[in-house]
Amino acid sequence: MLALQPDLIYPSIFYQSLNLLSTYKMSRKISTAAKSPTAIKTLASLQRLKGIKGFSAKEMASLLSNHPIPCLLALCLLFFMGVEYTLRMVPSSSPPLDIGFLLTERFHGFLALRPELNSILAALNTVFVGMQVVYIVWALMVEGRPRATIAALFMFTCRGVMGYATQLPLPQGFLGSGVDFPVGNVSFFLFFSGHAGGAVIASLDMRRMRRQRLAIAFDVLNCLQALRLLVTRGHYTIDLAAGIGAGFVCDVLSGMYEERNSKASGPSDAEVYRPCSCKCM
């Protein structure tokens, strides 16, 4: 019985050695495959997925503190999804519901009883539009900077296409004036507001040229202009909001156009005209 013990022990050791060898070879194959780009990407994806599913309270607090704006926008998305899917639609026979009109109802009634005051405010607004035009033309003709002009051309072309494609009804209670721009109560596009967009383009150009005080003055006048257009029912709220956004977008498009052409033809606006660094303007 003792003589058979080596025969029983050695085969078991032999089989264990084979298992260890096969395990070692398999681990080498796995480690080699793990170094490939595909395997690395897969592991990274699995780690990210695990992190998304397993957020702790500390990680959530860190996310909120480091990225507050995206978190706020995500909450706004959820909120307005709930509003949209539970909203009671405005009947086709009723006028559009405009929150800006509701907030300015008292001012509208006050101005409707005072046509002389309405004409004075309209004249002042027309002067402000003229200031926008003068500044943009001055930047082009005198200072040799075409960016604001190109942005205005972009914006008013888009406004013409959109305004003609969707012609909104004139708001009820519209308070027109013979001295308002466009002068003479002629027809005009409601969507979107060229008044607001032109002021934004001029203000952005002023900030590029470090004319901070003039830019702030234009922003304040633009806010007063938007308030007046709501009070007189000259534009819907969405017209003003889209006009402001169009001013920003068209200024960016103009900058991209100018940058592309400046590589072949010459320097950009900032290189052509460099105002002093003080805030004298």
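This report walks through a predicted model of one protein chain, from its overall build to its cores, surface and salt bridges.

## The overall picture

Let's start with the basics. The protein chain has twelve helices and zero strands, so if you read along the sequence, the pattern is simply α-α-α-α-α-α-α-α-α-α-α-α. Of its 281 residues, 27% are buried.

How does the chain come together over distance? Take the contacts between residues at least 6 apart in sequence: 79% of them join residues at least 24 apart. On the outside, the chain has about 19,300 Å² of accessible surface, and carbon and sulfur atoms account for 71% of that.

## Two nonpolar cores

In soluble globular proteins, nonpolar side chains tend to be buried together. Here, the largest nonpolar core has 16 residues, and the members that touch the most others are Tyr135, Ile136, Met155, Ile201, Ala202, Met206 and Phe218. Five helices each give two or more residues to this core: α7 (115–141), α8 (147–165), α9 (194–208), α10 (212–231) and α11 (237–265). A second core sits separately, with seven residues, including Phe101, Leu230, Tyr236 and Leu240.

Back in the largest core, Tyr135 is a good residue to click on. Setting aside residues up to four places away in sequence, Tyr135 touches Arg145, Ala202, Asp205, Met206 and Arg211. Keep Arg145, Asp205 and Arg211 in mind, as they turn up again in the salt-bridge network.

## A closer look at α8

Helix α8 passes a simple length check. With 19 residues at 1.5 Å a residue, α8 should span 27 Å, and its end C-alpha atoms are indeed 27 Å apart. The buried residues of α8 are Arg147, Ala148, Thr149, Ile150, Ala151, Ala152, Met155, Arg159 and Gly163.

Which residues does Ala148 contact, leaving aside its neighbours within four places in sequence? They are Ile136, Ile201 and Asp205. Ala148 lies in helix α8, and it counts as buried because its relative accessible area is 0%, under the 20% cut-off. You can also look across from Ala148 to Gly247: the two are 99 residues apart in sequence, yet their C-alpha atoms are 10.0 Å apart in space.

## A nonpolar patch on the surface

Some nonpolar residues are found on the surface. Phe154, Ile244, Phe248, Val249, Val252, Leu253, Met256 and Tyr257 form a nonpolar patch there, and together they have about 690 Å² of accessible area. Which helix gives the largest share of the patch? That's α11, with seven residues.

Val252 is one of the patch residues, and it lies in helix α11. Its relative accessibility is 47%, so Val252 counts as partly exposed.

## Salt bridges across the chain

Side chains of opposite charge can pair when their charged atoms come close. A search of the whole structure finds nine salt bridges. One of them joins Asp205 and Arg145, with the closest N and O atoms 2.8 Å apart. This pair links distant parts of the chain: Asp205 is in helix α9 and Arg145 is in the loop between α7 and α8, 60 residues apart. Are these two residues buried or exposed? Both Asp205 and Arg145 are buried.

Another salt bridge pairs Asp180 with Arg228, and here the closest N and O atoms are 2.7 Å apart. Asp180 sits in the loop between α8 and α9, while Arg228 is in helix α10, 48 residues away. Asp180 counts as buried because its relative accessibility is 11%, and Arg228 is buried too, with a relative accessible area of 8%.

## One joined-up network

Arg208 and Asp251 also meet through their side chains in a salt bridge, at 3.0 Å from N to O. Once again, distant parts of the chain are linked: Arg208 is in helix α9 and Asp251 is in helix α11, 43 residues apart. Arg208 counts as partly exposed, with 29% relative accessibility, whereas Asp251 counts as buried at 5%.

Now zoom out a little. Salt bridges that share partners join Glu143, Arg145, Arg147, Asp205, Arg208, Arg211 and Asp251 into one network. Asp205 brings several threads together: it contacts Tyr135, touches Ala148 and forms a salt bridge with Arg145.

How values were computed
Residues are numbered from 1 along each chain as its sequence is written. This is a predicted model: local features need pLDDT of at least 70, side-chain atom pairs count only at pLDDT 80 or more; totals for chains, interfaces and linings use all residues. Side-chain values use heavy atoms; hydrogens and water are left out. A nonpolar core is a set of buried Ala, Val, Leu, Ile, Met, Phe, Trp, Tyr and Cys residues joined through side-chain atoms within 4.5 Å. Buried means under 20% relative accessible area, exposed over 50%, partly exposed in between (1.4 Å probe, protein chains only). Helices (H or I, at least four residues) and strands (E, at least two) are DSSP runs, numbered from the N terminus. Contact means heavy atoms within 4.5 Å. Patches are made of residues with over 30% relative accessible area and no salt bridge: like charges are joined within 9 Å, nonpolar side chains (Val, Leu, Ile, Met, Phe, Trp, Tyr) within 5 Å. Accessible areas come from the Shrake-Rupley method with a 1.4 Å probe; for residues, only the protein chains shown count as cover. A salt bridge is a side-chain nitrogen of Lys or Arg within 4 Å of a carboxyl oxygen of Asp or Glu. The expected span of a helix is 1.5 Å times one less than its number of residues.
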